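Subject: Structure handover

Hello,

Here is the structure I promised to pass on. Please open it before you read further; my notes follow below.

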Amino acid sequence: MSKDKEPILLLAFDEHKVMMQRVTIDEARRVINVGSSSSITNTTSLRDKAMIERAIQKKRIVARVAPERARTVYAEIELPRRESAPVSIDEAELERMITNSIWKLFESERSAVAAALEIPEGETVIVDVHIWEIAINGQTVMNPLTLASGDAVVTLSATFMRESAWQTMQRVFGDAFAFIVEFDSSLAYHTSKQYIEEALIAIVGERRTALYRKDGRRFCYHDGFPWGMERLGNEVRNACGVNEEIVAYVLDTYKRGGGNALMRSVIDRAIHGETQLL
């Protein structure tokens with residue numbers, strides 16, 4: 001019988017609330033089980049409180065932070081090697097490479113991130129860093145230690161937040177976070193990987209659309225505007241004369257190629273008008 005690993009607690013920090021989901025991973029069957037979502041409030045059940053406490057103790061919390069509160073930036077940082085560097089990479093040099101990559105990313109992105117979050121630059125801090133890839137002389141390597149080495153390129157992500165907001169999260173959850181990410185950036189980044197040099201990715205939310213730009217070795221938040229699926233749903237509802245409860249069904253039928261010609265024509269016009277705005 002397959003056995004799940006220790007569950008992960010997924011916390012979604014939105015603008016005014018925190019939602020939680022229990023995630024278990026069954027490696028033998030290659031299955032990820034995601035539980036139902038619930039809000040963390042003063043009335044959270046004792047069972048859920050115990051699950052939160054266990055996740056804190058085991059450091060098994062993944063935080064998804066709303067774009068209004070965080071920005072995750074992805075970048076490829078070039079690190080030319082010093083002429084005096086040893087022939088192969090040792091642990092000390094690997095640590096120096098990673099530290100230099102983080103510092104370069106922080107210096108290059110802090111100002112833009114602060115402007116996007118509308119906070120003072122001096123209050124902008126990195127709360128999470130992940131190294132995704134290291135390439136030596138253009139070749140991706142799993143373990144750069146002891147390899148004969150040339151110039152390196154480190155692909156990493158860094159999540160920025162306002163220092164006071166991060167301190168509030170720490171007061172409640174301590175250092176229990178295994179991963180902190182602004183989810184829209186992560187989704188857009190992995191979508192953009194199919195493009196070699198440039199891409200502009202739109203992540204359409206309920207009330208807001210965020211734009212992310214890939215430009216060579218850099219990928220980050222570009223811009224956004226107040227338009228989303230809620231508005232499109234309202235247009236379809238008004239055009240088709242249906243109530244809120246069946247708008248989702250109508251749109252799903254449309255996406256699957258179903259529905260009669262009249263219904264599809266009405267939705268086509270509504271979508272065309274809204275996507276012209278987009």
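Is K59 buried or exposed, or partly exposed? K59 is partly exposed, at a relative accessible area of 41%. Before the details, one caution: this is a predicted model.

**Overall picture**

The chain has 278 residues, and 38% of them are buried. It contains seven helices and 13 strands. The C-alpha trace spans about 75 × 50 × 50 Å along its principal axes. Take the contacts between residues at least 6 apart in sequence: 58% of these join residues at least 24 apart.

The exposed surface comes to about 16700 Å². Carbon and sulfur atoms supply 51% of that area. On the charge side, there are 35 positive and 40 negative charges. Their mean positions lie 5 Å apart.

**Salt bridges**

Side chains of opposite charge can pair when their charged atoms come close. The structure holds four salt bridges. Three of the pairs are described here.

K59 and D175 form one of them, with an N to O distance of 3.0 Å. This pair links distant parts of the chain, 116 residues apart. K59 sits in the loop between α1 (46-58) and β5 (61-65). D175 sits in the loop between α3 (163-173) and β10 (177-181). What about accessibility at the two ends? D175 counts as exposed, because its relative accessibility is 55% and the cut-off for exposed is over 50%. K59, at 41%, falls in the partly exposed class.

R162 and E123 also meet in a salt bridge, at 2.8 Å from N to O. R162 belongs to strand β9 (residues 152-162), while E123 is in the loop between α2 and β7 (124-136), so the pair ties together parts that are 39 residues apart in sequence. Both ends are partly exposed: R162 has 31% relative accessibility, and E123 has 30%.

E107 and R110 make a local pair within one helix, α2 (residues 91-117). They are three residues apart, about one turn of the helix. Their salt bridge has an N to O distance of 3.7 Å. E107 is partly exposed at 42%. R110 is partly exposed too, with a relative accessible area of 23%; buried would mean under 20%.

Which residues form a network through shared partners? E107, R110 and E121 are joined into one network by salt bridges that share partners.

**Strand pairing around β7**

Strand β7 pairs with β9 and with β8, so look at both sides. With β9, β7 runs antiparallel, and 11 bridges join the two. E133 stands opposite T155 in β9. R162, from the salt bridge to E123, also lies in β9.

With strand β8 (residues 139-141), the pairing is again in the antiparallel sense, over three bridges. A135 stands opposite T140 in β8. The hairpin of β7 and β8 has two residues between the strands. What phi does N137 take in that hairpin? N137 takes a positive phi near 50°.

**Where to look**

If time is short, start with the pair K59 and D175, which links distant parts of the chain. Then go to R162 and E123. Finish at the hairpin of β7 and β8, with N137.

Best regards

Terms used: Residues numbered from 1 in each chain as written. Predicted model: local features only at pLDDT ≥ 70, side-chain atom pairs only at ≥ 80, totals over all residues. Heavy atoms only, no water. Helix = DSSP H or I, 4+ residues; strand = E, 2+ residues; numbered from the N terminus. Buried < 20%, exposed > 50% of the residue type's maximum accessible area, 1.4 Å probe, protein only. Contact = heavy atoms within 4.5 Å. Areas by Shrake-Rupley, 256 points an atom, 1.4 Å probe, with all protein chains shown as cover. Lys, Arg positive; Asp, Glu negative; His and termini not counted. Charge placed at Lys NZ, Arg CZ, Asp CG, Glu CD. Salt bridge = Lys/Arg side-chain N within 4 Å of Asp/Glu carboxyl O.
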